[in-house]
Amino acid sequence: MTADLALGTYRCQAIPEAAVRAAASGAWIDTAPNYATGQAQTLLAPALAAHPCLNVSTKTGYFTAAIGTDAVNTGVLTEDQAAAGHSLTPDYVRWQTGRNRAQLGRDRLDLPLLHNPERTHPGDRPALHCAIRDAFEVLEGETAAGHVAGYGIATWAGLEEEAFTVGELLALAAEAAGGQHHLVAVQLPVSLVMMTPIVQALHGRGPLPAAADAGLRVMASAPLHGGELPGMVDQELADLIRPGLTPAQACVLAVASCPGVTNVLLAASGAPHWKEAADAIAQPSLTAAKLREITGVLASP
């Protein structure tokens, strides 16, 4: 089975309209408090209010200068901490989780994600793991209070650079919870440019099989590599992936077919792009043999 399409709002240019389309198809929506210069969650709120069963993931970690000022004025960050533009301190995680609920108009968040936790204590794995565990402890408390259904991490380089592994994240969550934890998802880039997770998964290694074995939701971000991939993939390669698909569709289907991936995040601002991606996702999944052939072609000099 191919993964499900989800709306990613990082590069989305028309969030309210895109959210309505996503809601109509029952697609998951992913956002963050720093997206759209800090307006993304407010822009999503009307669609979420109209569709209370719609799932949305958000984040805590990065923040805009305005959010940083609010956090300082509230006493959850110092001036120096706010200047960094990123924080996983327990006070900040707790405060931002509450702020996310208010902006999204939700009493309970479906899925808050620690946003690029590798940004904290770069190069110092023990300190980073302590920070992640402490943030998980806050989110376990929010789960116990009914404010959060489950939580996870959204990373760009943390898993590939092995600042942490899926197994380590699961262990940190269990430690934070004192037993049964509520870590339920990981988000990471997967594309025909950032192919490492695909190649690893085809050999039964890496974060995707580890996450799948643990029953985690796996959200593949940047499947078109910031919109660059369709211009890099010619029709010959698209036809190798699946005859009849456009280059963009072929790239999306390749990610959606990767073992372990459950959701593919796409910032489709317009209706034609959303339909094009949805049609690709509706295709039968590529076989492991086909994915090996594709990654082999792309890896060859």
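**Entry 1, Y35 and its partner.** I looked up Y35 in this predicted model and found a relative accessibility of 7%, so I put the residue down as buried, the limit being under 20%. For Y10 I read 55% relative accessibility, which lies over the 50% limit, and I therefore noted Y10 as exposed.

**Entry 2, the rule for ring pairs.** I kept in mind that a pair of aromatic rings is described by the distance of the centres and the angle of the planes. Going through the model with centres within 6.5 Å as the criterion, I arrived at a count of four aromatic pairs. For Y10 and Y35 I found the ring centres 5.1 Å apart and the planes at 45°, so I entered this pair as tilted. I then traced where the two residues sit: Y10 belongs to the loop between β1 (4–8) and α1 (15–24), while Y35 belongs to the loop between β2 (28–30) and α2 (40–50), so that the pair, 25 residues apart, links distant parts of the chain.

**Entry 3, Y92 and W95.** Next I examined the rings of Y92 and W95, whose centres are 5.8 Å apart and whose planes stand at 45°, and so I recorded this pair as tilted. Both residues lie in helix α5 (residues 90–104), and because they are three residues apart there, about one helical turn separates them. I read 0% relative accessibility for Y92, which I noted as buried, and 17% for W95, which also counts as buried because the limit is under 20%.

**Entry 4, the cluster.** Finally, I followed the ring pairs onward from Y92 and W95 and noted that they link these two residues and F63 into a cluster.

Technical notes
Residues are numbered from 1 along each chain as its sequence is written. This is a predicted model: local features need pLDDT of at least 70, side-chain atom pairs count only at pLDDT 80 or more; totals for chains, interfaces and linings use all residues. Side-chain values use heavy atoms; hydrogens and water are left out. Rings of Phe, Tyr and Trp (its six-membered ring) pair if their centres lie within 6.5 Å; planes under 30 degrees apart count as stacked, over 60 as edge-to-face and the rest as tilted. Helices (H or I, at least four residues) and strands (E, at least two) are DSSP runs, numbered from the N terminus. Buried means under 20% relative accessible area, exposed over 50%, partly exposed in between (1.4 Å probe, protein chains only).
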